[in-house]
Amino acid sequence: INKIGVLTSGGDAPGMNAAIRGVTRYAIEKGLEVTGIIRGYEGLLSHEIMPLNRRSVGAIIHRGGTMLRTARCLEFLEEETQKKAADYIREQEMDALVVIGGDGSMRGAQALSRLGIPTIVIPGTIDNDMGGTEYTVGFDTAVNTVLESVNKIRDTAFSHDRVAVIEVMGRHAGFIALYAGMAAGAEAVLVPEHEVSLEDLCTHLNESHRMKKMSSIVIVAEGAAKGADVVDYIKGHTYLEPTLTVLGYVQRGGSPSAKDAIMASLFAEKAIDSLLAGTYNCVIGQIGERIVATPYTEAERLHFPLDENMYRLVLALGR
Ligand code: ATP
């Protein structure tokens, strides 16, 4: 291969810029040309591209968001649209495409690969919910952002003898809630991987209150319940005074943590090395201590579940 394209797609995540930089510079190091595609799959349809060199990806490693911008492109679900994109990639003489994004973006890459375009995916989403990897770029930064906010909320909850309910992102997964909950010393976490019983939660909170606990932090994953419903239920079934914070988009922003910038760079290296070795239609990932490339079809079946022990430990340590 001589020339590759790179794009970011789906929700943005801290570390996407570090991945763009890694892909671009490592590919150039290996003698490849690199084209950046603006606004994800959308850019393949509107023909928004830019050549990338070492300098054009300078001073972005520490920035949140993505310099290539991103988009959700619903049209791309249709095969006719995918064919147009594939034709454009061929026209531009890109021999392969690196997609940085989440699960949906991976399905887009898989669609292109079915049309004969070699693609490779670098997992970039704060949710940590992709097949073929135990880690997705952006997760660590999001957990740290949540932790920082929870610590601030805890200060005021403690002063007022309150229950603070905090709703966090994660789509259908509870990773952000569980990890932030553990790090912040939450009293309970509600995650979609476990059946949510608000009755049990209230029993738990009442018991802690009887044990003279001054304040409680409850972290709710968006995929498990609505924070507002949890607050209403606690109000209706206890004498406690719950407050609600929905953290929202702050979790997607900010400079990547050291871990995310490092993982983005290592994933980028593996992506380019794989393409050069003729391995494509794969998602790059971390499995155990190794960075690996797993074919899309296998990755779909290779999901790493939430750590059960960690879930139990949060509850045990929280009261
Ligand atoms: P995040 O997890 O951060 O939200 P994501 O990559 O899962 O990221 P999506 O919005 O699900 O975000 O997907 C991004 C884009 O990928 C979509 O807007 C669409 O263009 C493309 N895409 C998603 N699913 C498919 C599919 N089944 N076939 C083809 N393209 C798809």
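These exercises work through a predicted model, covering its two sheets, its ligand shell and its annotated sites.

**Exercise 1. Work out the strand order of the seven-stranded sheet, and find its edges.**

Step 1. Trace the strands across the sheet. The order is 3-2-1-4-5-10-11, and the sheet is open.

Step 2. Check the directions. The pairing is mixed.

Step 3. Find the edges. Strand 3 and strand 11 (290–295) each pair on one side only.

Step 4. Add the twist. From one strand to the next it averages 30 degrees.

Step 5. Look at one pair in detail. Strand 2 (residues 33–37) and strand 3 are antiparallel, joined over four bridges. Within this pair, glycine 36 has methionine 50 in strand 3 as its bridge partner.

Step 6. Place the helices. Helix 1 (residues 16–29) lies across strand 1 (3–8), strand 2, strand 3, strand 4 and strand 5 (119–123). Helix 1 runs at about 175 degrees to strand 1. Helix 4 also packs on the sheet, where it touches strand 4, strand 5 and strand 10 (282–287). The direction of helix 4 makes about 170 degrees with that of strand 5.

**Exercise 2. Do the same for the four-stranded sheet, and explain what its edge strands lack.**

Step 1. Read the order. It is 7-8-6-9, in an open sheet with parallel pairing.

Step 2. Count partners at the edges. Strand 7 (188–190) and strand 9 (242–246) each have a single partner strand, so one side of each has no neighbour in the sheet.

Step 3. Add the twist. The average is 20 degrees from one strand to the next.

Step 4. Inspect an inner pair. Strand 6 and strand 8 run parallel and are joined by six bridges. Isoleucine 166 stands opposite isoleucine 219 in strand 8.

Step 5. Place the helices. Helix 6 lies across strand 6, strand 7 and strand 8, at about 165 degrees to strand 8. Helix 8 packs on the sheet and touches strand 6, strand 7, strand 8 and strand 9. Its direction makes about 180 degrees with that of strand 9.

**Exercise 3. Describe the shell of residues around the ligand.**

Step 1. List the nearest residues. Of the 18 around the ligand, Gly10, Gly11, Gly102, Gly104 and Gly108 come nearest.

Step 2. Find the main contributor. Helix 4 (residues 103–114) gives the most, with six residues.

Step 3. Sort by character. The shell holds five nonpolar, nine polar and four charged residues.

**Exercise 4. Two groups of positions are annotated "binding site" in UniProt; decide whether each is gathered or spread out.**

Step 1. Take one group. The unreviewed UniProt entry lists Gly11, Arg72, Cys73, Gly102, Asp103, Gly104 and Ser105. They span 95 residues in sequence, yet no two of their C-alpha atoms are more than 13.8 Å apart, so they gather at one spot.

Step 2. Take the other group. The unreviewed UniProt entry gives Thr125, Ile126, Asp127, Arg162, Met169, Gly170, Arg171, Glu222, Tyr249, Val250, Gln251 and Arg252. These span 128 residues in sequence, and the farthest two C-alpha atoms are 32.7 Å apart, so they do not all gather at one spot.

**Exercise 5. Classify four annotated residues as buried, partly exposed or exposed.**

Step 1. Set the cut-offs. Buried needs 20 or more other C-beta atoms within 10 Å; exposed means 12 or fewer.

Step 2. Start in helix 4. Glycine 104 lies there. It has 17 C-beta neighbours inside 10 Å, so glycine 104 counts as partly exposed.

Step 3. Stay in helix 4 for serine 105. It has 28 other C-beta atoms within 10 Å, so serine 105 is buried. Beyond four places in sequence, serine 105 touches Ser9, Gly10, Val99 and Val121.

Step 4. Move to methionine 169, in the loop between strand 6 (163–168) and helix 6 (175–184). With 23 other C-beta atoms within 10 Å, methionine 169 is buried. Its contacts beyond four places in sequence are Ile126, Asp127, Ile176, Glu222 and Gln251.

Step 5. Finish with glutamate 222, in the loop between strand 8 (216–221) and helix 8 (227–237). Its count is 22, so glutamate 222 is buried. Leaving out residues up to four places away, glutamate 222 touches Glu167, Val168, Met169 and Gly170.

**Exercise 6. Compare the settings of arginine 69 and glutamate 93, each with a positive phi.**

Step 1. Check the angles. Phi is near 60 degrees in arginine 69, and near 60 degrees in glutamate 93.

Step 2. Locate them. Arginine 69 is in the loop between strand 3 (49–52) and helix 3 (79–91). Glutamate 93 is in the loop between helix 3 and strand 4 (96–101).

Step 3. Count neighbours inside 10 Å. Arginine 69 has 17 and counts as partly exposed. Glutamate 93 has 11 and is exposed.

Technical notes. Residues numbered from 1 in each chain as written. Predicted model: local features only at pLDDT ≥ 70, side-chain atom pairs only at ≥ 80, totals over all residues. Near = placed C-beta within 6 Å. Helix = DSSP H or I, 4+ residues; strand = E, 2+ residues; numbered from the N terminus. Nonpolar A, V, L, I, M, F, W, Y, C, P; charged D, E, K, R; others polar. UniProt positions renumbered as here; feature names shortened; annotations may be inferred. Contact = placed C-beta atoms within 7 Å. Pairing = 2+ DSSP bridges. Axes fitted to C-alpha atoms, helices over the stretch in contact; angles between N-to-C directions.
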